[in-house]
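Q: I'm new to this one, so please pick a single spot and look at it closely. After that, show me what else is worth seeing.

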Amino acid sequence: MKIKILQKKIPAYLVLGMILLIAFVLIEPVRSFAQDASGAKTGTITDVTAAKPGAPTAAELGDAVGHNKIAINIMWTLIAGFLVMFMQAGFALVETGFTQKKNVAHTMGMNFLVYALGMFGFWICGFAFMFGGALNAATLGGAPGVVSHEVVVHLFGYDFGIAGSVGFFLNSKVYDVGVFTLFLFQMVFMDTTATIPTGSMAERWSFKSFLIFGLFISMFVYPLYGNWVWGGGWLSQLGANFHLGHGMVDFAGSSVVHMVGGVAALAGAIIIGPRIGKFNADGTANTIPGHNIPMALLGTFILALGWFGFNPGSTLAGGDFRISIVAVNTMMAGTAGTLAVLALLYIQKKKPDPGMLANGMLAGLVAITAPCAFVNSISSVIIGAIAGCLVVLTIHLMDNKLRIDDPVGAFAVHGVNGAWGVLSLGLFADGSYGDGWNGVAGPVKGLFYGDASQFGAQCVGTLTCGVFVFIVMYIFFKISNKITPIRVKAEDEVAGLDIPEMGVLGYVD
């Protein structure tokens, strides 16, 4: 049978096809070299916009170089902003996973809607209050034709900036590519702040009350403190006015984003009170386990990914080589926080609780957010490790001493470690970056590298954030409770909030 098959005549069309295939395989590589596979010939002087094609003047070449530089910065900042926006999904998964099954639609609903609420609040006036005095970011093109204005109070012979006054509704006076880029990037930062209290007040917060909160924090609280640090306000000028280092320095938001959200979360948790069944009559705490640990851990990884937009993106410049330092420091601090929690749990003779490990990673990431551009990798590991220990100790303190119910550890992660991150910059900044920051000559140095005054500025900024945000948010929640109760009915809390508050079940068995 085999011999007959071999002796069978092969059809002519098959022979011809094989010949053509061999010829194609041999000729195609040679033919492809006529193209520009390496890209070496793509993008030449003929691609420069010029009055005389192929022969641009020096001015035209300079315009092309400048345009490309700003284009790279804008694209980098937008992509980083897209990563930060995706962190909203991470927060939603973490908070929902750490809470009970009967409240899934409610917790997810808050995390979803705060994005829309916060965006509109920030668009209406939040962005103007925060950056109205600092709209001309050089790395984003300088916003030619846009006139910034800061509201100032003159005290002790100095001007204290307190709020911007330009850019409401992103009106036609700020219709600029750089301004719009800055808005998107800062809007998603604000949304991180706004979503933090949804964790500390989860499983008992009235949805109507939450709606009021979403607008208030995005329109006033976050923008005002943000202005003082990032918008040219008075905290950023502590160096220029009072010789306190470079003034308050917070590279990517340990205080502006995380501490503001964490302190607001603390005020809300105190006002709303603990969940039913959290504490016994003698004050001892009961564990109310989350319903989906894999969901929470997936959310943690999404947040860790988004942090690569959060921190490196805060350069607002794709050509700033410090991006690599920022990215590695961010990664190292997060993992150091995780391992510190693991070690501490074993020292306490406890099991390696995955939820606590996740909070350890988030704590390390929060802490490194302020100093990430100003420290080396060893310092970033130390900062992250201390953050991991702080989150464990704070959660224990809140549960067993203060009797404050925070279902996801929002204050421990964001409030405490937001403060630690800002203070750590004042200790560990090594003088390798930040020359001219906030208008002060020379790089940023911390206490351990010879500048005690920088640590002083960080202390002032941290104290200001804690006092301002807590007082304002405490009063807000008190007043808000008079408008519409911030806490749901006891029977609804026991049964689950999905149907009473949202009208649908998160899970249908």
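**A close look at K349**

A: Let's start with K349, which counts as exposed because its relative accessibility is 76%. Here exposed means over 50% relative accessible area, buried means under 20%, and partly exposed is in between (1.4 Å probe, protein chains only). Keep in mind that this is a predicted model, where local features need pLDDT of at least 70, side-chain atom pairs count only at pLDDT 80 or more, and totals for chains, interfaces and linings use all residues. Residues are numbered from 1 along each chain as its sequence is written, and side-chain values use heavy atoms, leaving out hydrogens and water.

So what is K349 up to? It sits in the loop between α11 and α12. Helices (H or I, at least four residues) and strands (E, at least two) are DSSP runs, numbered from the N terminus. Although K349 is not a glycine, it has a positive phi of about 60°, and it takes that phi just after α11. For background, most residues other than glycine have a negative phi.

F169 does something similar: it is not a glycine, yet it has a positive phi of about 60°. You'll find F169 in the loop between β2 (158-164) and α5. With 45% relative accessibility, F169 counts as partly exposed.

Back to the helix before K349. α11 covers residues 322-347, and its end C-alpha atoms are 37 Å apart, which agrees with the 38 Å that 26 residues should span at 1.5 Å a residue. (The expected span is 1.5 Å times one less than the number of residues.)

On the other side of the K349 loop is α12 (354-368), which, like α13 (377-402), supplies at least two residues to the lining of the largest pocket. A pocket comes from a 1 Å grid over the protein atoms alone: it is an open set of points where a 1.4 Å probe fits, with protein on both sides within 12 Å along at least five of seven lines, and lining residues have an atom within 4 Å of a point. The largest pocket holds about 760 Å³ of space, a volume being the space filled by probe spheres set on the points. It is lined by 30 residues, and T287, D353, M356, I395 and D399 are the closest to its centre. Helix α13 gives the largest share of that lining, six residues. By class, the lining has 13 nonpolar, nine polar and eight charged residues. Nonpolar covers Ala, Val, Leu, Ile, Met, Phe, Trp, Tyr, Cys and Pro, charged covers Asp, Glu, Lys and Arg, and the others, Gly among them, are polar.

The second largest pocket has about 640 Å³ of space. Of its 22 lining residues, F131, W230, S314, L316 and W437 are the closest to the centre. The helix giving the most here is α5, with three residues, and the lining divides into 14 nonpolar, six polar and two charged residues.

For a contrast with exposed K349, try N227 in helix α7 (residues 207-230). At 0% relative accessibility, N227 counts as buried. Leaving aside residues up to four places away in sequence, N227 touches several others, including F129, M130 and E150; contact means heavy atoms within 4.5 Å.
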